[in-house]
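User: Can you walk me through this model? I'd like to go piece by piece.

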Amino acid sequence: MAGSETIVDIRRLSSLAEFSEALKLQQRVWGFADSELLPLRFFVVASKIGGQVFGGYHDGGMVGFCLAVPGLKPDGRPFIHSHMLGVLPEYRDAGVGRRLKLRQRTDALARGIDLVEWTFDPLEIKNAFFNIERLGAIVRRYVENEYGATSSPLHGGLPTDRCVAEWWIGSPRVEALIAGRKLQRPVEERIAVPGGMERWRREEPARAREIQRANAARFQRYFERGLAVSGFERTATEGIYLLGPWE
């Protein structure tokens with residue numbers, strides 16, 4: 001079992017052997033059917049077109065990876081779309097995901113890119129806290145069933161609703177939160193996610209779906225008002241998205 005301060009080596013991946021390791025790790029983390037796995041050639045292409053493919057290694061083996069591709073906004077602004085980040089279960093409290101994201105940030109800033117985006121499941125409380133409070137991402141968009149139904153046990157058969165994380169990597173907000181400084185922003189609305197969602201996906205999918213559907217309506221209503229998620233609180237029983245005005 002990895003400790004909280006496990007030393008992990010973060011490397012840029014470039015060889016077919018390294019990409020094959022990441023492919024196997026993808027299968028272990030998500031449990032996708034073979035037809036749903038990102039293929040080896042996608043890793044190859046991403047590495048050659050300005051994307052980011054990084055791996056985290058401990059004791060000689062890959063324990064995490066991230067894969068990102070370059071993108072362009074409608075106004076021509078370049079950004080990085082971070083499509084997939086996976087860490088072995090036994091290393092998820094060892095800081096591997098954070099190390100991989102910070103390597104992404106360093107690499108993007110060195111290229112003059114100030115925005116990294118990715119999607120995440122709003123029902124995953126731990127991941128939401130990491131994205132918003134540890135990294136400093138904000139959320140202003142909610143997409144229903146972004147990827148369609150998947151075979152992954154992690155998705156529990158629910159529609160793949162996703163929040164879009166915007167990580168403005170050169171902003172004072174991000175710099176402060178990465179340094180561990182707490183920020184205070186006005187809060188106008190809250191959206192709560194019960195802590196039992198992982199079990200409910202498996203045992204009470206109809207109940208999990210109802211919570212997902214109700215929260216989707218709240219997110220979309222608040223985003224239409226111009227609010228953004230800029231904070232996240234955790235209690236013993238739930239996670240709470242904090243929404244307020246955003247410049």
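Analyst: Sure. This is a predicted model. I'll start with what packs over helix H4. The cover on its buried residues includes helix H3 (96–110), helix H5 (172–178) and four strands: S5 (115–120), S8 (189–194), S9 (227–234) and S10 (238–245).

User: Which residues of H4 are buried?

Analyst: H4 spans residues 125–134. Its buried residues are Ile125, Ala128, Phe130, Asn131, Ile132 and Glu133.

User: What does glycine 136 do just after H4?

Analyst: Glycine 136 takes a positive phi of about 95°.

User: Now pockets. How much space lies in the second largest pocket?

Analyst: About 190 Å³. The pocket is lined by 14 residues, and those closest to its centre are Glu133, Leu183, Arg185, Gly231 and Leu242. Glu133 is also on the list of buried H4 residues.

User: Which element gives the largest share of that lining?

Analyst: S9, with 4 residues. H5 and S9 each supply at least two.

User: And the lining by class?

Analyst: 6 nonpolar, 3 polar and 5 charged residues.

User: Switching to the largest nonpolar core. Which residues touch the most other members?

Analyst: The core has 38 residues. Those with the most contacts to other members are Trp118, Phe120, Trp167, Phe219, Val229, Tyr241 and Leu243. Helix H7, residues 205–224, gives the most to this core, 6 residues.

User: Take phenylalanine 219. What is it in contact with, beyond its sequence neighbours?

Analyst: Leaving out neighbours within four places in sequence, phenylalanine 219 contacts Pro122, Tyr142, Cys163, Ile191, Val229 and Tyr241. Val229 and Tyr241 are also among the core residues that touch the most other members.

User: What about a second core?

Analyst: There is a separate one of 30 residues. Among them are Ala22, Leu37, Val87 and Val96.

User: On to strands. How do S3 and S4 run, parallel or antiparallel?

Analyst: Antiparallel, with 9 bridges joining S3 (residues 61–72) to S4 (residues 78–87). Within that pairing, phenylalanine 65 has glycine 86 of S4 as its bridge partner.

User: How many residues sit between the strands in the hairpin of S3 and S4?

Analyst: 5. Glycine 76 in that hairpin takes a positive phi near 90°.

User: And in which sense do S4 and S5 pair?

Analyst: Parallel, over 2 bridges. Isoleucine 80 stands opposite valine 116 in S5. S5 also belongs to the cover over H4's buried residues, which is where we started.

Technical notes:
Residues numbered from 1 in each chain as written. Predicted model: local features only at pLDDT ≥ 70, side-chain atom pairs only at ≥ 80, totals over all residues. Heavy atoms only, no water. Buried < 20%, exposed > 50% of the residue type's maximum accessible area, 1.4 Å probe, protein only. Contact = heavy atoms within 4.5 Å. 1 Å grid on protein atoms, 1.4 Å probe; cavity = no way out; pocket = protein on both sides within 12 Å on 5 of 7 lines; lining within 4 Å. Points joined across faces, edges and corners; volume = space filled by probe spheres on them. Nonpolar A, V, L, I, M, F, W, Y, C, P; charged D, E, K, R; others polar. Core = buried A, V, L, I, M, F, W, Y, C linked by side-chain atoms within 4.5 Å. Pairing = 2+ DSSP bridges.
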